[in-house]
Amino acid sequence: MLTIQIEDTQLEQRVAKKAKAIGKSVQEFIKELVAENVAEADELGFEIPRLDVRQHAKIIHHELTEEEEKELVQNPDIKPFAHITDAAKYVHNMRRKPRH
């Protein structure tokens, strides 16, 4: 059992008037209001679209400059992106950058 105390007389009068207008007791009216506003999580009243990752994924591809390509050919020990220690953070930051 839950008891609600309304100290605002204007609010109390509006609630009583609204309940009477729809032909319900104040208790029934408040119970329905609470039930509607504290619905189960599955009952949102709308659907959330589920996107297909394959259609919305983007491959991050960086074009190498001519100078970078020459440098890689001359020095096969160079590992591009070796400076990245946290791949998740790197991708997160890449997604936040404005697109060209």
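1. The radius of gyration here is taken over C-alpha atoms, and the yardstick for a globule is 2.2 Å times the number of residues to the power 0.38. For 100 residues, a compact globule would come out near 13 Å, but this protein chain has 30 Å. Keep in mind that you're looking at a predicted model.

2. The overall dimensions are worth a look next. The C-alpha trace spans about 85 × 30 × 30 Å along its principal axes. As for burial, 5% of the 100 residues in the chain count as buried.

3. What does the secondary structure of the protein chain come to? It's five helices and zero strands. Reading from the N terminus, you get the order α-α-α-α-α.

4. On to charged pairs: the structure holds two salt bridges. One of them joins the side chains of Lys 24 and Glu 32, with 2.6 Å from N to O. Lys 24 is partly exposed, at a relative accessible area of 30%, and Glu 32 also counts as partly exposed, at 34%. If you want to check the label yourself, both values fall in between the 20% and 50% cut-offs, so "partly exposed" is the right term.

5. Arg 54 and Asp 52 make a salt bridge too, and their closest N and O atoms sit 3.1 Å apart. How exposed are the two partners? Arg 54 has a relative accessible area of 71%, so it's labelled exposed, the cut-off being over 50%. Asp 52, at 26%, counts as partly exposed.

6. Have a look at Tyr 90 as well, which you'll find in helix H5, residues 87–96. Is Tyr 90 exposed, buried or partly exposed? Its relative accessible area is 25%, which makes Tyr 90 partly exposed. Which residues does Tyr 90 contact, leaving aside its neighbours within four places in sequence? They are His 62, Phe 81 and Ile 84.

7. Last, the second largest pocket, which holds about 270 Å³ of space. Part of its lining comes from Met 1, Leu 2, Thr 3 and Ile 4. The rest of the lining is Val 26, Gln 27, Ile 30, Lys 31 and Val 34. Sorted by class, that lining has six nonpolar, two polar and one charged residues. Try matching names to classes: Lys counts as charged, while Met, Leu, Ile and Val count as nonpolar.

Conventions: Residues are numbered from 1 along each chain as its sequence is written. This is a predicted model: local features need pLDDT of at least 70, side-chain atom pairs count only at pLDDT 80 or more; totals for chains, interfaces and linings use all residues. Side-chain values use heavy atoms; hydrogens and water are left out. A salt bridge is a side-chain nitrogen of Lys or Arg within 4 Å of a carboxyl oxygen of Asp or Glu. Buried means under 20% relative accessible area, exposed over 50%, partly exposed in between (1.4 Å probe, protein chains only). Helices (H or I, at least four residues) and strands (E, at least two) are DSSP runs, numbered from the N terminus. Contact means heavy atoms within 4.5 Å. On a 1 Å grid over the protein atoms alone, a cavity is a set of points where a 1.4 Å probe fits but cannot get out, and a pocket is an open set with protein on both sides within 12 Å along at least five of seven lines; lining residues have an atom within 4 Å of a point. Grid points are joined across faces, edges and corners, and a volume is the space filled by probe spheres set on the points.
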